[in-house]
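User: I'm new to reading protein models, and I'd like a close look at one part of this one. Could you pick a stretch and walk me through what is around it?

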Amino acid sequence: MSEEKEKTLEEVMKILELQEEILQFTHFTNADAWELGNIMVAEAKKRELPVAISIRLNNGLVVFQYMFDGKTPMNEDWIRRKFNTVRDTESSSLFLYTKLEKTERTMQDVYMDEHIYANSGGGFPIRIEEVGVIGAVIVSGLNHVADHDLVIKCLSKYLHTDEVPRIKDAY
């Protein structure tokens with residue numbers, strides 16, 4: 001791997017760690033999921049992004065889901081796999097992707113079946129301060145960095161947090 005690519009991946013990992021540190025909840029209820037989900041749907045409509053959005057708790061309960069026209073069962077499969085990744089790693093699915101890229105490892109190398117987990121961005125942990133990860137917010141339908149960024153933009157808006165660093169482009 002080139003030194004430049006390694007530096008870029010390190011920078012992305014730092015941004016992802018900061019996002020997870022900043023975007024934490026003090027509590028999270030089904031009403032919170034409804035409000036956050038509706039913010040996400042409105043943002044996707046405004047930007048004309050035909051995505052699938054899901055908010056799920058670690059016990060498997062889907063507390064919000066919306067599929068724009070044209071979404072297919074394949075998007076549901078991506079959502080399921082991204083959720084599994086977030087639930088089991090307790091970090092964003094883009095963090096796993098970046099970490100594997102940086103270490104030049106594969107899903108097989110870390111014993112993660114690609115039929116169960118996704119090596120792709122778009123899943124982000126719902127972390128409650130002093131409690132831990134209780135679920136995930138997931139987007140599917142764009143390139144995986146754009147999926148992740150939509151989640152970050154909407155979580156920032158919902159949590160009234162303006163100073164969240166974002167990843168600008170796909171890498």
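Analyst: Let's start small, with one glycine, and work along the chain from there. Keep in mind that this is a predicted model. Glycine 60 sits in the loop that joins β1 (52–57) to β2 (62–67). With a relative accessibility of 45%, glycine 60 counts as partly exposed. Now hop along to serine 91: 31 residues separate it from glycine 60 in sequence, and the two C-alpha atoms are 17 Å apart in space.

On the way to serine 91 you pass helix α3, which covers residues 73–89. It has 17 residues and reaches 24 Å from its first C-alpha to its last, close to the 24 Å expected at 1.5 Å a residue. Which residues of α3 are buried? They are Asn75, Ile79, Arg81, Lys82, Phe83, Asn84, Thr85 and Val86. Here's a handy rule for looking at any helix: an α-helix has 3.6 residues a turn, so residues three or four places apart point the same way. And what covers the buried residues of α3? The cover includes the strands β1, β2, β3 (123–128) and β4 (132–140), along with the helices α4 (93–103) and α5 (144–158).

Just past the end of α3 there's a little backbone quirk: glutamate 90 takes a positive phi of about 55°. Most residues other than glycine have a negative phi. Glutamate 104 is another case, with a positive phi of about 55° although it isn't a glycine. You'll find glutamate 104 in the loop between α4 and β3, and at 55% relative accessibility it counts as exposed. Tyrosine 111 lies in the loop between α4 and β3 too, and its phi is also positive, near 60°. Its relative accessible area is 76%, so tyrosine 111 is exposed.

Next, look at how α4 packs against helix α1 (residues 3–22). Their axes come within 10 Å and cross at roughly 155°, which makes α1 roughly antiparallel to α4. The crossing of these two helices is left-handed. On the α1 side, the contact is made by Lys5, Glu6, Leu9, Glu10, Val12, Met13, Leu16, Glu17 and Glu20, while α4 brings Leu94, Phe95, Thr98, Lys99, Glu101 and Lys102. Sorted by class, that contact of α1 with α4 has six nonpolar, one polar and eight charged residues.

There's a second helix pair to look at: α2 (residues 30–46) and α5, which pack at an angle of about 125° with their axes 10 Å apart. That angle makes α2 oblique to α5, and the crossing is right-handed. Here Asp32, Glu35, Leu36, Ile39, Met40, Glu43 and Ala44 of α2 meet Leu150, Val151, Lys153, Cys154, Leu155, Lys157 and Tyr158 of α5. By class, the contact of α2 with α5 has nine nonpolar, no polar and five charged residues.

Last stop: isoleucine 167, in the segment after α5. Its relative accessible area is 9%, so isoleucine 167 is buried. Apart from neighbours within four places in sequence, isoleucine 167 is in contact with Val12, Ile15, Leu16, Gln19, Leu94, Val145 and Asp149. Val12, Leu16 and Leu94 also take part in the contact of α1 with α4. Finally, isoleucine 167 and isoleucine 138 are 29 residues apart in sequence, with 17 Å from C-alpha to C-alpha.

Technical notes. Residues numbered from 1 in each chain as written. Predicted model: local features only at pLDDT ≥ 70, side-chain atom pairs only at ≥ 80, totals over all residues. Heavy atoms only, no water. Helix = DSSP H or I, 4+ residues; strand = E, 2+ residues; numbered from the N terminus. Buried < 20%, exposed > 50% of the residue type's maximum accessible area, 1.4 Å probe, protein only. Expected span 1.5 Å × (residues − 1). Contact = heavy atoms within 4.5 Å. Axes fitted to C-alpha atoms, helices over the stretch in contact; angles between N-to-C directions. Parallel < 35°, antiparallel > 145°, perpendicular 65-115°, else oblique. Left-handed = near helix turned anticlockwise from the far one by under 90°. Nonpolar A, V, L, I, M, F, W, Y, C, P; charged D, E, K, R; others polar.
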